[in-house]
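Please read the points below with the structure open beside you. They take up the contact between the chains, then the nonpolar cores, and lastly a single residue.

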Amino acid sequence: MRVDEKPIYEGTFTVTGGNFDNAGEVSSNIKSVLKRMGLSRDVVRKASLVAYESEINIVSYARKGMIRLRVVPESILIEAIDEGQGIADIELAMQPGYSTATDKIREMGFGAGMGLCNIKSFSDTFLISSEVGKGTYLKMIIKTNNRSLNS
Amino acid sequence: MTLREIKELLDAEVLVGQNQLDKDVKSAFVADLMSDVLAFATSGSLLITGLTNPQVVRTADVLDIAAIIMGRGKKPSPETFQLAEELNIPIIATKYILFEISGRLYSKGIRGCIEKVGSK
Ligand SMILES: Nc1ncnc2c1ncn2[C@@H]1O[C@H](COP(=O)(O)OP(=O)(O)OP(=O)(O)O)[C@@H](O)[C@H]1O
Ligand SMILES: [Mg+2]
């Protein structure tokens, strides 16, 4: 993605840590935004999946955060930025099956330790960085394979 | 198979999506772990689960799941019901256990949305 490129869509969505009742709402909104742009079903699905897993992680493990969405004709950029406990060992957190999920999180059907792996495998580019006690930053790019988008 | 036929087969109640009974499905995925659903379920499949919270509907929405089948006599919570109505995602509730649901559907030609992991 070129930095100077004018986006077709740009938006920031706030996510509140611990708010399990509304967890997933931001991703539903992101999905509707992308759907309206006339992107292919497959691309919309990948992007909303990546947003959803990121959102659930912020709700589950952080105090507060946001998801930033930026769409240009060739790609969708999704950033998940939070303020929270951060991740001490990223390599370990990326392992399928590794989870520190509480009972509350497991009740919702999360805590399989698959979220970050899913995010990585459904993104074309995936970047993660974190600082313990500060927060976590995820950057995902999904290619649109699309030239003519409705704005 | 249509949702109408599935309703009959599973002696089930269609709690949300009465207007979508003609929807046709060919595949299904069973899980109580949402990240497993997100990893493997394909769009247009049935999601067979014992979970009843709103995240089931969110997950189904993200994946364009055709319908949620809640087994073992589970019913959606009021929040789940409301969200499913809002997002227009059918919920079919049955007393059969998940194994029975799967077996009955399989015998009528419904297949897993993947057979094995790593064989997409
Ligand atoms: N934003 C975050 N802040 C702090 N820790 C995190 C964050 N995201 C993930 N983690 C840590 O990494 C672990 C693995 O995350 P991952 O999303 O892969 O699995 P999970 O959330 O435990 O289960 P699920 O399969 O439902 O996503 C978490 O259990 C948690 O310890
Ligand atoms: Mg997770």
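**Notes on the predicted model**

1. In this predicted model, the contact between the two chains draws 22 residues from chain A and 21 residues from chain B. The area buried between chain A and chain B comes to about 1,800 Å², and carbon and sulfur atoms account for 50% of it. Within the part that chain A buries against chain B, K31(A), R45(A) and Y52(A) supply 31%, which is more than any other three residues give.

2. As for the polar side of this contact, 13 residue pairs are in polar contact between chain A and chain B, counting pairs with both residues at pLDDT 80 or more, and the count of salt bridges between the chains is 3. One salt bridge joins the side chains of K31(A) and D61(B), with a distance of 3.6 Å from N to O, and K31(A) is also one of the three residues named above for their share of the area that chain A buries.

3. Which helices of chain A each supply at least two residues of the side that touches chain B? They are α1 (25-36), α2 (41-61) and α5 (115-122), and of the elements of chain A it is α2(A) that gives the most to this side, with 7 residues. By residue type, the side of chain A that touches chain B divides into 10 nonpolar, 6 polar and 6 charged residues.

4. Turning to the interior, the largest nonpolar core has 68 residues, and those with the most contacts inside it are L34(A), L69(A), I76(A) and I78(A). The largest share of this core, 10 residues, comes from α2(A), the helix that also gives the most to the side of chain A touching chain B.

5. To look more closely at L34(A), and leaving aside its neighbours within four places in sequence, this residue is in contact with L39(A), V44(A), A47(A), L69(A), V71(A) and I76(A). Of these partners, L69(A) and I76(A) are themselves listed among the residues with the most contacts inside the core. Apart from this core lies another, of 20 residues, which includes L3(B), L10(B), I69(B) and L105(B).

6. Is E85(B) buried, partly exposed or exposed? This residue, which lies in helix α4 (residues 78-87) of chain B, is partly exposed because its relative accessible area is 46%, a value that falls between the cut-offs of 20% and 50%. The C-alpha atoms of E85(B) and V16(B) are separated by 6.2 Å, although the two residues are 69 residues apart along the chain.

Key. Residues numbered from 1 in each chain as written. Chains lettered and ligands numbered in written order. Predicted model: local features only at pLDDT ≥ 70, side-chain atom pairs only at ≥ 80, totals over all residues. Heavy atoms only, no water. Helix = DSSP H or I, 4+ residues; strand = E, 2+ residues; numbered from the N terminus. Buried < 20%, exposed > 50% of the residue type's maximum accessible area, 1.4 Å probe, protein only. Contact = heavy atoms within 4.5 Å. Buried area = accessible area lost by both parts, 1.4 Å probe. Salt bridge = Lys/Arg side-chain N within 4 Å of Asp/Glu carboxyl O. Polar contact = N/O pair within 3.5 Å; in protein donor to acceptor, adjacent residues only side chain to side chain. Nonpolar A, V, L, I, M, F, W, Y, C, P; charged D, E, K, R; others polar. Core = buried A, V, L, I, M, F, W, Y, C linked by side-chain atoms within 4.5 Å.
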